Amino acid sequence: MYIRNIKDLEGTDRDVHFTHKGFRSIRVLLEKDGMGFSLHKTILPKGLKEVWHYKKHLEACYCISGHATVTDLATDKTFDIKPDTTYILDNNDKHEFVALEDTVLISVFNPPVKGTEIHKSDGSYE
């Protein structure tokens, strides 16, 4: 067993800033940690609007604060995301995320990310 605190990860290589998009992902668990999934705290500013499509990863996002919408681009159905809401991308779903307020998510990826991934132009990871 071991303990990690977000404050100890801030400013390290696990604190990934998407400077051109204004959000950040603090990667608590990575592939090298051997847990079989990765765990992230993602901080998204109000006004952020992004299309993401994780072609090789499944993802679940639990909202701990803020307000956003997520649109499934295959069905064009939009979901309201507020605290205690989880959205689950169980089929490599291409989706649009819009932060209506500053929003904080706890995200789990399977398979786990290595830690250096950033979004490609099509919204996917390497």
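Start with the whole chain on screen: among its contacts (heavy atoms within 4.5 Å) between residues at least 6 apart in sequence, 62% join residues at least 24 apart. This is a predicted model, in which local features need pLDDT of at least 70 and side-chain atom pairs count only at pLDDT 80 or more, while totals for chains, interfaces and linings use all residues. Residues are numbered from 1 along each chain as its sequence is written, and side-chain values use heavy atoms, with hydrogens and water left out.

**The whole chain**

Switch to a cartoon view and you will meet one helix and 10 strands. Helices here are DSSP runs of H or I with at least four residues, strands are runs of E with at least two, and both are numbered from the N terminus. Walking from the N terminus, the order is α-β-β-β-β-β-β-β-β-β-β.

Now show C-alpha atoms: they fill a box of roughly 40 × 30 × 25 Å along the principal axes. The radius of gyration is 14 Å, which agrees with the value near 14 Å for a compact globule of 126 residues. That radius is taken over C-alpha atoms, and the globule rule is 2.2 Å times the number of residues to the power 0.38.

Turn on the surface next. Its accessible area comes to about 7100 Å², with 53% belonging to carbon and sulfur atoms; the Shrake-Rupley method with a 1.4 Å probe was used. Of the 126 residues, 44% count as buried, meaning under 20% relative accessible area, whereas exposed means over 50% and partly exposed lies in between (1.4 Å probe, protein chains only).

**Stop one: Asp-8**

Select Asp-8, in helix 1 (residues 6-9). Is Asp-8 buried or exposed? Asp-8 is exposed, with a relative accessible area of 59%. Add Val-28 to the selection: the two are 20 residues apart in sequence, and their C-alpha atoms are 10.0 Å apart in space.

**Stop two: Glu-50**

Move on to Glu-50 in strand 4 (residues 49-52). This residue is buried, at 14% relative accessible area. Which residues does Glu-50 touch, leaving aside neighbours within four places in sequence? Select Lys-21, His-95, Glu-96 and Phe-97 to see these contacts.

**Stop three: the rings**

Keep Phe-97 selected and add Phe-18, Phe-23, Trp-52 and Tyr-87: ring pairs link these five residues into a cluster. A search of the whole structure finds five aromatic pairs, where rings of Phe, Tyr and Trp (its six-membered ring) pair if their centres lie within 6.5 Å.

Note on methods: Rings of Phe, Tyr and Trp (its six-membered ring) pair if their centres lie within 6.5 Å; planes under 30 degrees apart count as stacked, over 60 as edge-to-face and the rest as tilted.
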